[in-house]
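Grab a pencil and work through these exercises with the sequence and the structure side by side. Try each task before you read its solution.

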Amino acid sequence: MRMSIPLALMAAVALAGCTSSTSPTPAAQAAGPMLAASTTGGSAKGDFGPPQGAPIQAVLTSPPHVPPPTNRDYPAKVIVDLEVIEKDMPISEGVSYTFWTFGGTVPGSFIRVRQGDTVEFHLKNAPDSKMPHNIDLHGVTGPGGGAASSFTAPGHESQFTFKALNQGLYVYHCATAPVGMHIANGMYGLILVEPPEGLPPVDHEFYVMQGDFYTTGKYREKGLQPFDMEKAIDEHPTYVLFNGSEGALTGDNALIAQTNQTVRMFVGNGGPNLVSSFHVIGEIFDKVQPEGGTHWQENVQTTLIPAGGAVTVEFHTEVPGSYVLVDHSIFRAFNKGALAILKVEGEEDKSIYSGKEVDAVYLGDRSEPNLKAVTAAAKANAAGTLTKDEQIAAGKQLFTGTCSVCHQANGEGMAGVFPPLAKSDYLAADPKHAIEVVLHGLSGPVKVNGTEYNSVMPPMSQLTDDEVANILTYVLNSWDNPGGRITKEEVATVRASGPEHPNQAEH
């Protein structure tokens, strides 16, 4: 962020005062005491003197919302009240996880202060918590970033004070041992320390934070999933997510903007392990503050965010559509959940972009407004009451993203390339064989409805047993197919037995 001319002059005067015996000028004295400016051209540290006026209660917001700008030209005493809450929440459709949170959300509440503010921090730990917790704010100058002063047992409160000397966007996280486990359970968030002149106004500000999660069950395995320490140590996440759950920022929860607006995103990476390659499909970042620092880059396609780091990106919206936020380590996006949506509404501009929008190609089943039928089927399955109709409803939603790109939404396939699923004599001859095809793939020539096809069906082993069962039950009961039902137990048996032809799994 560029400093205003008057502020830059004051910083230069302060720097000169630190390197010579000349007394500070009246202008420098009026600005309050200043520490030495960075030799790399960054802004001076922001000790602008004692707080002025009455104490201010910080406005904290849950993601993806951002508190309003401070709109102050003086340092203040800012009181932050933050509570640690341990709670079960969805991590994916039909999957829950015991998160440890700052403020009841993952990421934790967004904190916004001004450079030079004195922050009085109150950390509470809910009485029903099972663990002690603390907080390490990367924007703090002091031992442990506050961790040494904030160790808090369940039912207790800790307090410490710090001065926000450096502007920037900073991660905060729990630092109680085992530190990695606390972070992996969702204990992280962002604190923005505004420059003294504030940030330029924009139309929208959003709060997005990536994290990697480690569950004992595989991706999308239903039910309450415990934390898996071995996976975490080996850095093999089950999920990589924006804002704590798959679908947190898609469908009904997508971010919303209009054409011809400026969007600013405060994007953090809680880790605990992975580096993020943050990208918005269909947009170019006009401005990027790498790692939350002072200097801007321009015209950036993808920006790295280290674990425990953050970035501010800005861009202008020109044409309507769904813009997909991803970690461009791309399997994380489409197979572990690191995917979000910014929906831009407004008039088209054919001079900039003429094409058609096909959400399903990029979003998979997240192109659906929600996946309530999948959740309902998971609950019914757990209760032992799952009906065929519930399987069909869930399978239809899953088919939309998993299968429809090749086989089409109407099951007709693509002539000469992908065989049809509609009125399929191949399926009718042996419906159970479809389980083998989905789990282990199929290559080589096959004849369907009198036509020979020679393409490759990749193995879809990433699907859970109930997802395969629901998709196939939907297919068997659609498009004049013979009907029937596939159970998760049948899928589990085929999965355990391995492929009928070992080489199929290699294609």
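**Exercise 1.** Find the residues that threonine 176 is in contact with, leaving aside its neighbours within four places in sequence.

*Solution.* Step 1: look for heavy atoms within 4.5 Å, which is what contact means here. Leaving aside neighbours within four places in sequence, threonine 176 touches Pro132, His133, Asn134, Phe151 and His182.
Step 2: place the residue. Threonine 176 sits in the loop between strand 8 and helix 3 (179-184). Helices (H or I, at least four residues) and strands (E, at least two) are DSSP runs, numbered from the N terminus.
Step 3: take one partner. Phenylalanine 151 and threonine 176 are 25 residues apart along the chain, and their C-alpha atoms are separated by 7.6 Å.
Step 4: check the cover. Threonine 176 has a relative accessible area of 6%, so it is buried. Buried means under 20% relative accessible area, exposed over 50%, and partly exposed in between (1.4 Å probe, protein chains only).

A word on what you're looking at: this is a predicted model, where local features need pLDDT of at least 70 and side-chain atom pairs count only at pLDDT 80 or more, while totals for chains, interfaces and linings use all residues. Residues are numbered from 1 along each chain as its sequence is written, and side-chain values use heavy atoms, with hydrogens and water left out.

**Exercise 2.** Describe the protein as a whole: how many helices and strands does it have?

*Solution.* Step 1: count the elements. There are 13 helices and 23 strands.
Step 2: look at burial. Of the 507 residues in the protein, 52% are buried.
Step 3: look at contacts with a separation of 6 or more. Residues 24 or more positions apart account for 68% of these.

**Exercise 3.** Work out which residues of helix 11 (residues 433-440) are buried.

*Solution.* Step 1: go along the helix. His433, Ala434, Ile435, Glu436, Val437, Val438, Leu439 and His440 are buried.
Step 2: draw the conclusion. That makes 8 of the 8 residues, so helix 11 is largely enclosed by the rest of the structure.
Step 3: name what surrounds them. The buried residues of helix 11 pack against helix 10 (425-429), strand 22 (442-448), strand 23 (451-457), helix 12 (465-476) and helix 13 (488-497).
Step 4: see what follows. Glycine 441 comes after helix 11, and its phi is positive, near 80°.

**Exercise 4.** Compare three salt bridges: which partners meet, and where do they sit?

*Solution.* Step 1: set the rule. A salt bridge is a side-chain nitrogen of Lys or Arg within 4 Å of a carboxyl oxygen of Asp or Glu. The structure holds 16 of them.
Step 2: start with aspartate 47 and lysine 163, whose closest N and O atoms are 3.0 Å apart. This pair links distant parts of the chain, 116 residues apart: aspartate 47 lies in the loop between helix 2 (26-30) and strand 1 (56-57), lysine 163 in strand 7 (residues 157-163). Lysine 163 is partly exposed, at 23% relative accessible area.
Step 3: go on to arginine 72 and aspartate 117, at 2.7 Å from N to O. Both of these residues are buried.
Step 4: turn to lysine 350 and glutamate 348, with their closest N and O atoms 2.9 Å apart. Lysine 350 counts as exposed at 52% relative accessibility, and glutamate 348 is exposed too, at 54%.
Step 5: look for shared partners. Arg112, Glu194, Glu205, Arg264 and Glu314 are joined into one network by salt bridges.

**Exercise 5.** Hunt for backbone angles that go against the usual pattern.

*Solution.* Step 1: recall the pattern. Most residues other than glycine have a negative phi, and most peptide bonds are trans.
Step 2: check the peptide bonds. Proline 63 and proline 64 are joined by a cis bond, with omega about 10°. Another cis bond runs from alanine 177 to proline 178, with omega near -10°.
Step 3: check phi. Glutamate 291 is not a glycine, yet its phi is positive, about 55°, and at 58% relative accessibility this glutamate counts as exposed. Asparagine 449 has a positive phi of about 50° and lies in the loop between strand 22 and strand 23. With a relative accessible area of 35%, asparagine 449 is partly exposed.
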